[in-house]
Amino acid sequence: MSLTEFLIYKYKVNWRELVHAPQGTVDEAKLALAQQKVEEAQADIATSELRASEARQALKESVEAEMKAKSVAETARAKEDEAVKSAEQACTKEEAAKVAESKAVEEESEAFQNESFAKKAEEKATEAVEEQKAIQRQVEEALSTVQREQDAFKDKCDSLEAISNDESKGIVKRNAAKAELAQLQCSDPMPLQRAIIS
């Protein structure tokens with residue numbers, strides 16, 4: 001016989017009440033405080049998960065902005081290379097036109113001795129002048145292209161700098177703008193400078 005059975009028998013206690021009776025006393029204030037701390041912890045966990053989600057979204061946007069900036073920079077480099085090649089070709093054609101014009105002038109001086117030869121030389125000189133004008137137009141177009149590239153680069157840098165200094169924008173957008181600006185400023189300016197020189 002166990003002690004519990006002995007006590008039930010001796011004190012005539014209903015065993016169902018004994019089995020269902022609470023063990024010890026419960027402090028309601030401590031229980032409420034513990035419940036409040038659990039709820040606060042759950043709220044903190046929810047807030048942390050929300051912030052983590054926002055941070056992941058911001059990181060994703062930053063990566064997308066960086067990829068877009070790289071694409072823009074590559075496109076700008078390709079256009080710049082094309083402008084440099086056009087300017088070089090225009091310079092070569094211009095030199096050829098000057099040589100042709102020089103030959104035409106020599107032929108024209110000799111043409112005074114022979115009138116028929118002079119007419120042919122005059123026609124060649126006119127063609128050379130027209131070719132030179134066409135080449136001059138190409139040179140001006142190439143210079144205009146280089147100027148547009150410079151203006152586009154400067155406008156892009158100014159726009160990014162304005163975004164990075166705009167306190168009304170979010171930190172992610174400002175930092176993305178700063179990163180893109182740094183990439184543009186670190187890009188190779190040699191093709192554009194070479195086009196300007198030639």
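These are my notebook entries on the helices, one pocket and the salt bridges of this structure.

**Entry 1: the model and its fold**

I worked from a predicted model. I first looked up the secondary structure and found six helices and zero strands in the chain. Read along the sequence, the pattern is α-α-α-α-α-α. I then looked up burial across the chain: of its 198 residues, 17% are buried.

**Entry 2: the second largest pocket**

I turned to the second largest pocket, which holds about 350 Å³ of space. Its lining has 16 residues, and those closest to the pocket centre are Ala-65, Lys-68, Lys-173, Ala-176 and Glu-180.

Which helices supply at least two residues each to this lining? I noted α3 (28-111), α4 (115-165) and α5 (171-186). The largest share, seven residues, comes from α3. I also sorted the lining by class and recorded eight nonpolar, two polar and six charged residues.

**Entry 3: helix α5**

I checked the length of α5 next. At 1.5 Å a residue, its 16 residues should span 22 Å, and the end C-alpha atoms are 22 Å apart, so the expected and modelled values agree.

Which residues of α5 are buried? I listed Arg-174, Ala-176, Ala-177, Glu-180, Leu-181 and Leu-184. Seen down the helix axis, these buried residues fall within an arc of 160°, so they line one face of α5. On the other side of the helix, I found Ile-171 and Cys-186 exposed. I noted that Ala-176 and Glu-180 appear both among the buried residues of α5 and among the residues closest to the centre of the second largest pocket.

**Entry 4: salt bridges**

Side chains of opposite charge can pair when their charged atoms come close. I looked for such pairs and the count came to four salt bridges. I recorded three of the pairs in detail, as follows.

I began with Glu-66 and Lys-70, whose side chains meet in a salt bridge at 3.7 Å, N to O. The two residues are four apart in helix α3, which means that about one helical turn separates them. Glu-66 has 35% relative accessibility and so counts as partly exposed. Lys-70, at 38%, also counts as partly exposed.

I next took Asp-158, which forms a salt bridge with Lys-154; the closest N and O atoms are 3.0 Å apart. Here too the partners are four residues apart, in helix α4, and are therefore separated by about one helical turn. Asp-158 is partly exposed because its relative accessible area is 37%, between the cut-offs of 20% for buried and 50% for exposed.

I then examined Glu-167, which forms a salt bridge with Arg-174, with 3.8 Å between the closest N and O atoms. Are these two partners buried or exposed? Glu-167 is exposed, with a relative accessible area of 64%. Arg-174, by contrast, has 13% relative accessibility and counts as buried. Arg-174 is also one of the buried residues of α5 listed above.

**Entry 5: Lys-119 and Glu-107**

Lastly, I looked up Lys-119, which has its place in helix α4. Lys-119 is exposed, since its relative accessible area is 52% and the cut-off is over 50%. How far from Glu-107 does Lys-119 lie, in sequence and in space? I noted 12 residues along the sequence and 10.0 Å in space, taken C-alpha to C-alpha.

Definitions and conventions
Residues numbered from 1 in each chain as written. Predicted model: local features only at pLDDT ≥ 70, side-chain atom pairs only at ≥ 80, totals over all residues. Heavy atoms only, no water. 1 Å grid on protein atoms, 1.4 Å probe; cavity = no way out; pocket = protein on both sides within 12 Å on 5 of 7 lines; lining within 4 Å. Points joined across faces, edges and corners; volume = space filled by probe spheres on them. Nonpolar A, V, L, I, M, F, W, Y, C, P; charged D, E, K, R; others polar. Expected span 1.5 Å × (residues − 1). Buried < 20%, exposed > 50% of the residue type's maximum accessible area, 1.4 Å probe, protein only. Arc of directions from axis to C-beta.
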